[in-house]
Every structure is written in C-alpha cells, then in structure tokens.
Amino acid sequence: MRYDTRLGKYDGKPRPGGVRSTLCVSSQVGCKMGCRFCATGTMGFKSNLSSGEIVEQLVHASRYSQIRNVVFMGMGEPMNNYNALVEAIGVFTGSPFQLSPKRITVSTVGIIHGINKFNGDLPKVNLAVSLHAPDQDIRCQIMPAARAFPLGKLMNALQSYQNESKQTIFIEYIMLDGVNDQEEHAHQLGKLLETFKAVVNLIPFNPIGSSSNFKTSSDQNVKNFQKVLKGIYRIRTTIRQQMGQDIAGACGQLVVSLPDERSAGGATLLSDIEDLRI
C-alpha cells in the first residue's frame, strides 16, 4: 500500500515527508476466527505460515518498493501463530531489513494469552485490537471467537499490557450499517476506552459478496461516530482510507479465488494511520 505522508496533517499543519509504502502481511492461510464480516473466515483454517513464509512476503514486496511499515492485518490471526510471528518480526528488525519495531503493527481479535506475553517478546511493536463492537453481545454476533475471550477479560488484559508497555493501543472498529454504527454505540465505546491511551480506526465495511448480509455504514454515520469519540471522549479517531477494492484485496476481502474474479487497477496515494505521532 503506497501512501503520501504529505497528505496528512499534524496539529492542523501539513506533514513533512513523501511517498512511502506499508506492507500488509498474512500469518496464516485462512483463519479459524470466523468473523462474519470477513471473507477470509469463509475459508476456514488451512495452515500456519512458517516464519520464512512470512518473511518471504517482505522480500518480494521489497523488490517493488522500499517498505517502511509492516502491518499483520492480512490473512489469519497472528496470535494463533505466535512463535512464527515472533521469529519473523525478529528478522524484520534485523539485517538486512532493519525495520524499527515502532513501524510494525500486529492485529489480533483479542487472544488474551497472546496479549499477556506480547510486550515481553515484542517490545515497542504496536498492538492493534479488532474490537468492532462496544459490548460482548454484539461482538459475539459478528465475531464468534469472542465467546472465548469475554470483553471484560480482554479489556483487563489490555490495561495490564498498557500499564507495562506504556504503548498506545490501536483499536480497529468496522462500521456495519445498523449493527454497531449508531451514536449509542459510539458512547459505549467511548466509555469503554476512557481509561486507555488509544487511537480508534473506523473501518468502512468492504463488500464480500453473497457470503455476508452486512452493509456499509453511511458516510454520515461514520462521521457522527467519529465526532462523538473525538468531541466528547477526546479519543483520537481516524477513518481508514479504502484501498484494494478493485482487486478484491481490501480489508476483510482476502480469500482464495480464481484470477479472473479480480480486476486490474492502479493504486492511489493516501495518508495513513502509521503516520500518527503519538
């Protein structure tokens, strides 16, 4: 994913910098979490990637662009392939790649035992949590795996992680029309996060064909949601720029499909959450 840092703003001023690239990495083939808004979940779990297969994605991407940031937000739940995750990040931060841990982000649906050891094994690496709902009932409806990781216990684990690491936590929140995108949900989320140093990233839902009945929230609902979090709860809140829909490779769309089901298209330059100065 190519971004232009200059398109973003910090303290109301244009940001310095220029074009740079972020690589979205997969940790598994398929995924056993079964999130109902994600195409990968329809595949089920096929296999873990080895640390070498994870690193290979960076090797190939580096041939086309200089990679500055890596996000583990592709196929799979990284915490369910923990040893390979740690080994791969060790390679990323060593020679020849020399990536800063601060420019690597690992996303999880909330695997508590992984979060508990994350800072000890991967200090300074960013943690992102796919929360997607402000209460346990809605989480379970759209994320069946949430039954194994109750929201209260998850938030306690995140509080312990933040107390230990002093790191900002990135909260991912997919916007589903009529499901979790109302003003009341924004207030619930704001109260849930009021003791945290967090950045919320609102993610417009990307269509995944007939396998889902969800619809994308209206732009107005997304903006209202952001306004509540920022204006009332003083939580930094961004709206994820959509990239990759033209090749069925946008957030939540990754699934094994035939080549002719995808169309070719060019990438555009956008500002990016990894440019936030926390």
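The exercises below work through side-chain pairings, the nonpolar core and some backbone features of one predicted model.

Residues are numbered from 1 along each chain as its sequence is written, and side-chain values use heavy atoms, with hydrogens and water left out. Since this is a predicted model, local features need pLDDT of at least 70 and side-chain atom pairs count only at pLDDT 80 or more, while totals for chains, interfaces and linings use all residues.

**Exercise 1. Find the salt bridge and state which parts of the chain it ties together.**

Step 1. The criterion is a side-chain nitrogen of Lys or Arg within 4 Å of a carboxyl oxygen of Asp or Glu. The structure holds 1 salt bridge, and its partners are arginine 240 and glutamate 172, at 3.3 Å from N to O.

Step 2. Glutamate 172 belongs to strand E10 (residues 169-175), whereas arginine 240 lies in the segment after strand E12 (236-239), so the pair ties together parts that are 68 residues apart in sequence. Helices (H or I, at least four residues) and strands (E, at least two) are DSSP runs, numbered from the N terminus.

Step 3. Glutamate 172 has a relative accessible area of 5% and is buried, where buried means under 20%, exposed over 50% and partly exposed in between, with a 1.4 Å probe and protein chains only.

**Exercise 2. Determine how many disulfides the structure has, and examine cysteine 35.**

Step 1. With a disulfide taken as a pair of cysteine sulfur atoms within 2.5 Å, a search of the whole structure finds 0.

Step 2. For cysteine 35, the nearest cysteine sulfur is that of cysteine 38, at 6.2 Å, and cysteine 35 is in no disulfide.

Step 3. Cysteine 35 counts as buried at 11% relative accessibility, and cysteine 140 likewise counts as buried, at 12%.

**Exercise 3. Describe the largest nonpolar core and the surroundings of phenylalanine 92.**

Step 1. A nonpolar core is a set of buried Ala, Val, Leu, Ile, Met, Phe, Trp, Tyr and Cys residues joined through side-chain atoms within 4.5 Å. The largest such core has 71 residues, and those with the most contacts inside it are Phe37, Val70, Phe72, Phe92, Leu158 and Val200.

Step 2. If residues up to four places away in sequence are not counted, phenylalanine 92 touches residues including Ile54, Leu58, Val70, Phe72, Phe97 and Ile104; contact here means heavy atoms within 4.5 Å.

Step 3. Ring pairs also link Phe92 with Phe72 and Phe97 into a cluster.

**Exercise 4. Classify two aromatic pairs and locate their partners in the chain.**

Step 1. Rings of Phe, Tyr and Trp (its six-membered ring) pair if their centres lie within 6.5 Å; planes under 30 degrees apart count as stacked, over 60 as edge-to-face and the rest as tilted. The structure holds 5 aromatic pairs.

Step 2. Phenylalanine 118 and tyrosine 161 are 6.1 Å apart, centre to centre, with 65 degrees between the planes, and the pair is edge-to-face. Phenylalanine 118 sits in helix H3 (residues 112-121) and tyrosine 161 in helix H5 (residues 151-165), so that distant parts of the chain, 43 residues apart, are linked. Phenylalanine 118 is buried at 0% relative accessible area, as is tyrosine 161 at 3%.

Step 3. Tyrosine 173 and phenylalanine 225 form a tilted pair, with 5.0 Å between centres and 35 degrees between the planes. This pair links strand E10, which holds tyrosine 173, to helix H7 (residues 219-231), which holds phenylalanine 225, over 52 residues. Both tyrosine 173 and phenylalanine 225 are buried.

**Exercise 5. Compare the surroundings of histidine 132 and arginine 234, which have positive phi values.**

Step 1. Phi of histidine 132 is near 65 degrees, and that of arginine 234 is about 55 degrees; arginine 234 is not a glycine.

Step 2. Histidine 132 is found in the loop between strand E9 (126-130) and helix H4 (136-142), while arginine 234 lies in the loop between H7 and E12.

Step 3. Histidine 132 is buried, with a relative accessible area of 5%, whereas arginine 234 is exposed, with 66%.

**Exercise 6. Locate the cis peptide bond between serine 95 and proline 96.**

Step 1. The bond from serine 95 to proline 96 is cis, with omega near 10 degrees.

Step 2. Proline 96 lies in the loop between helix H2 (82-92) and strand E8 (104-108).
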